[in-house]
Amino acid sequence: MKIKNKKYDLYETLQPVKNFKDLVSMRAELSSDKVAFSYNNESDTKIKKTFGQVAKEVNCLGTWLFKQGYKVENSQHHIAVLGDNSYNWLLSFLSITNGGNVAVPIDKDLSESEVMRIVKKADVEAIFIDDSKKDLVKEMPQDKVFLMSELATLVAEGQDLINKGFKDYFAADPKDEDDCIIIFTSGTSGQSKGAELTNRNIGSELTLTVKNFILEGNTVAVLPFHHAFGLIVGIFMVYYYGQETFINKNLRTISKALVTEKPHTMFLVPLFVEAFHKQIWRAADKQKSTAKLKAAMTLSDQMLKTGLDLREKFFASVLTPFGKNLKYIICGGAALDPFYVKEFRSWGIEILNGYGMTECSPVVSVNRNLHHKDGTVGLGIPEAEFMTAEDEELLVRGPFLMKGYYKDPEITAEAITEDGWYHTGDLGHLDSEGFIHLTGRKKNLIILSTGENISPEELEGDISIDEGVNEVLVYEDNGQIVAEIFPEEAFMGNATYFDKLIKKINHPRPAYKHITEVRLREEEFPKNSTHKILRKNWGKK
């Protein structure tokens, strides 16, 4: 690994792209026979798809989609994608966007009612969905539900249409200011909002972010595709670089995938970094080599200061579970303690923290390959402007900023000023070198180490309507979601009752929204002069 940490010129190695269609066409032209995606099928046989094959299959599926009546004429069509991470998920997504239509990724772990709320809110006309999830959309007309297991047949039908001269899909021209994706993101209002990302947003994000960081090897994709970070960064920025992405099936297969695929770089949220860190020290403890590992880290750090890098030799046992080739981890989605950055650096893996949000497509800053500062979220990408408001909230604007929240003009007006500044809700500032320091959250949004956002008001609203609840606050404590309840007098101290209540509250929600602890109070929460609970005292009795 190169030893350097100082300012240097932006990378200028990649040509600009305007949208996903431009991206797929560019890579098919430059890297037609190079592997773009790989994955293991149901028989655990590795399947490879080249950039040329991806472009061909996208055009075939898109042609089939146009023939079904989803051709962009007077208006765009909104088509959802819901399922596990897979090549078919990506193929479905690209067939929608590259034809000028709007893709609506939906979290596969949502309840049926929440899925249908999003379907209706986003004006979804049709959906590509995993077979195992089709019951979530049984309210939709079944001729509008396309099963991903049937994509091979649909691609073949599309190829037949092309052979017969149906070439309308090839002529599709996604407009810069047209919507490309509507991604639903949690907010403080209690329900997720649909961020409208245009083709211009996507093209700008891809073209600008790659000037800060350059990818020099393959990756293993583990983050969910319905998240902006997992999709736009973890998949399509890698695609832009012309590198191979192995699509990991699920959390159970990550360890095997790392060893067999030997990734050069990974895109992760803090939860994974923390888990990997525990795994390393647990293995050292099991082998009774903790003291030896600590001593080697101290010696290696001292040698690095003199320019001598022997980390690959010193920490071969640490690097083996990662495939022995992992050089970078791009970490985003939530705050990461600098402690982890320093420990992984000692072992030979550089963690580069970044910052962004769905509304910004999503990256606005990232530490660079050879220019980084611990405790920061990096340098702003080109054309990103930052401003700190009087209340220390960090504001950002640039060509990557969303059009707005779909069908929510009032909430959009609250989030984006007339001159284009987006209120991030984070407190922070830029230092003299341009590195961004975040110091806290302005609002009450809970951000878990997984990168998931949770609105406490959403959970509090459902809990507070129960007859046994007088007051309630939901907050995060050491990674756990806690519901602290001041009961009605007749329910004081009745832990069994409230445990059952929380199980009922948790049942329809995805796991990351589950309350994991109930704390019962014996007195009211402290309040301000208008009788509102002082949220700054969460967890304090």
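These questions and answers go through a predicted model of one protein.

Visitor: How many helices and strands does the protein have?
Guide: The elements are DSSP runs, with at least four residues for a helix and at least two for a strand. Counted that way, the protein has 16 helices and 25 strands.

Visitor: What is the radius of gyration of the protein, and why does it count as compact?
Guide: The globule rule gives 24 Å for 541 residues. The value for this protein is close to that, so the protein is as compact as a globular protein of that length. The C-alpha atoms fill a box of roughly 75 × 65 × 50 Å along the principal axes. The radius of gyration is 24 Å.

Visitor: Among contacts between residues at least 6 apart in sequence, what percentage joins residues at least 24 apart?
Guide: A contact here requires heavy atoms within 4.5 Å. Among the contacts between residues at least 6 apart, the share joining residues at least 24 apart is 66%.

Visitor: What percentage of the residues counts as buried?
Guide: A residue is buried when its relative accessible area is under 20%. The accessible surface of the protein comes to about 24300 Å², and 49% of it belongs to carbon and sulfur atoms. Of the 541 residues, the buried share is 56%.

Visitor: Is Lys49 buried or exposed?
Guide: Lys49 sits in strand β2, residues 46-50. Beyond its neighbours within four places in sequence, its contacts include Val35, Phe37, Glu57 and Tyr87. Its relative accessibility is 13%, and the limit for burial is 20%. Lys49 therefore counts as buried.

Visitor: Is Lys324 buried or exposed?
Guide: Lys324 lies in the loop between α12 (316-319) and β12 (328-331). Exposed means over 50% relative accessible area. Lys324 has 57% relative accessibility, so it counts as exposed.

Visitor: How far apart in space are Lys324 and Leu206?
Guide: In sequence, Lys324 and Leu206 are separated by 118 residues. Taken from C-alpha to C-alpha, their distance in space is 29 Å.

Visitor: Which residue's side chain makes a polar contact with the side chain of Asp431?
Guide: Asp431 is in the loop between β19 (422-430) and β20 (436-441). Not counting residues up to four places away in sequence, Asp431 touches Lys373 and His437. A polar contact of 2.9 Å joins the side chain of Asp431 to that of His437.

Visitor: How far apart are the mean positions of the positive and negative charges?
Guide: Lys and Arg count as positive, Asp and Glu as negative. The protein has 66 positive and 77 negative charges. Their mean positions are separated by 7 Å.

Note on methods. Residues are numbered from 1 along each chain as its sequence is written. This is a predicted model: local features need pLDDT of at least 70, side-chain atom pairs count only at pLDDT 80 or more; totals for chains, interfaces and linings use all residues. Side-chain values use heavy atoms; hydrogens and water are left out. The radius of gyration is taken over C-alpha atoms; the globule rule is 2.2 Å times the number of residues to the power 0.38. Buried means under 20% relative accessible area, exposed over 50%, partly exposed in between (1.4 Å probe, protein chains only). Accessible areas come from the Shrake-Rupley method with a 1.4 Å probe; for residues, only the protein chains shown count as cover. The place of a charge is taken as NZ of Lys, CZ of Arg, CG of Asp or CD of Glu. A polar contact is a pair of N or O atoms within 3.5 Å; within protein, one must be able to donate a hydrogen and the other to accept it, and residues adjacent in sequence count only if both atoms are side-chain atoms.
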